[in-house]
Structures are given as C-alpha cells and as structure tokens.
Amino acid sequence: MKKILIIEDEEILISLLQKKLVQAGYQISIAKNGEEGLRLMKETIPDLILLDIMLPKMDGFKVCNMIKFDK
C-alpha cells in the first residue's frame with residue numbers, strides 16, 4: 001500500500017484529503033506543523049508528501065528545503 005504524508009494545519013483540508021485518499025487505497029499519515037512533518041517523514045518514509053506552505057512552528061518552504069537535503 002502506498003503511503004502519503006499530509007503536512008497541513010487546516011482541519012477541513014485534512015479531513016477532505018484523508019477521506020478521499022483512504023477511499024483510493026492509500027495509507028495516510030498526518031502532521032499539523034512542520035516539525036511534526038519532518039519527524040513523521042523519517043518514521044514512515046512516505047511515497048508522497050502533500051505539504052502546505054503556511055504552517056505553525058516551521059513553514060513549508062523550510063520543511064521542503066530540509067527534506068531536499070536530508071540523506
């Protein structure tokens with residue numbers, strides 16, 4: 001089963017994305033801020049990350065940069 005990590009802080013978007021993606025057969029992990037997203041990324045090794053730009057604690061641009069340079 002393919003894994004998707006959703007890094008998003010808006011509950012309505014999380015709910016909508018999770019519902020549709022689970023129905024499509026994906027395993028979903030959810031993080032509500034950038035720091036939690038980076039931690040979950042290392043734990044779950046997702047196939048795809050859906051990343052919001054405006055996040056608490058660490059914005060999406062910084063998260064993206066950290067993912068890009070993570071070995």
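This report describes strand pairing, one helix and two loop residues in a predicted model.

Residues are numbered from 1 along each chain as its sequence is written, and side-chain values use heavy atoms, without hydrogens or water. Local features need pLDDT of at least 70 and side-chain atom pairs count only at pLDDT 80 or more, whereas totals for chains, interfaces and linings use all residues.

Helices (H or I, at least four residues) and strands (E, at least two) are DSSP runs, numbered from the N terminus. Strands E1 (residues 3–7) and E2 (residues 27–31) run parallel and are joined by five bridges; strands pair if DSSP finds at least two bridges between them. Leu-5 has Ser-29 in E2 as its bridge partner. Between E1 and E2 the chain passes through helix H1 (residues 11–23) in a right-handed β-α-β crossover, that is, with the strands pointing away from the viewer, the path from the first strand over the helix to the second runs clockwise.

The end C-alpha atoms of H1 are 18 Å apart, in agreement with the 18 Å that its 13 residues should span at 1.5 Å a residue; the expected span is 1.5 Å times one less than the number of residues. Gly-25, with a positive phi near 100°, follows H1.

Two residues other than glycine also have positive phi. Exposed means over 50% relative accessible area (1.4 Å probe, protein chains only).

| Residue | Loop between | Phi | Relative accessibility |
|---|---|---|---|
| Ile-45 | H2 (34–44) and E3 | about 45° | 58%, exposed |
| Lys-57 | E3 (48–51) and H3 (60–68) | near 70° | 65%, exposed |

Lys-57 and Ile-45 lie twelve residues apart in sequence and 22 Å apart in space, C-alpha to C-alpha. Beyond its neighbours within four places in sequence, Lys-57 is in contact (heavy atoms within 4.5 Å) with Asn-33 and Glu-35.

Note on methods. Buried means under 20% relative accessible area, exposed over 50%, partly exposed in between (1.4 Å probe, protein chains only).
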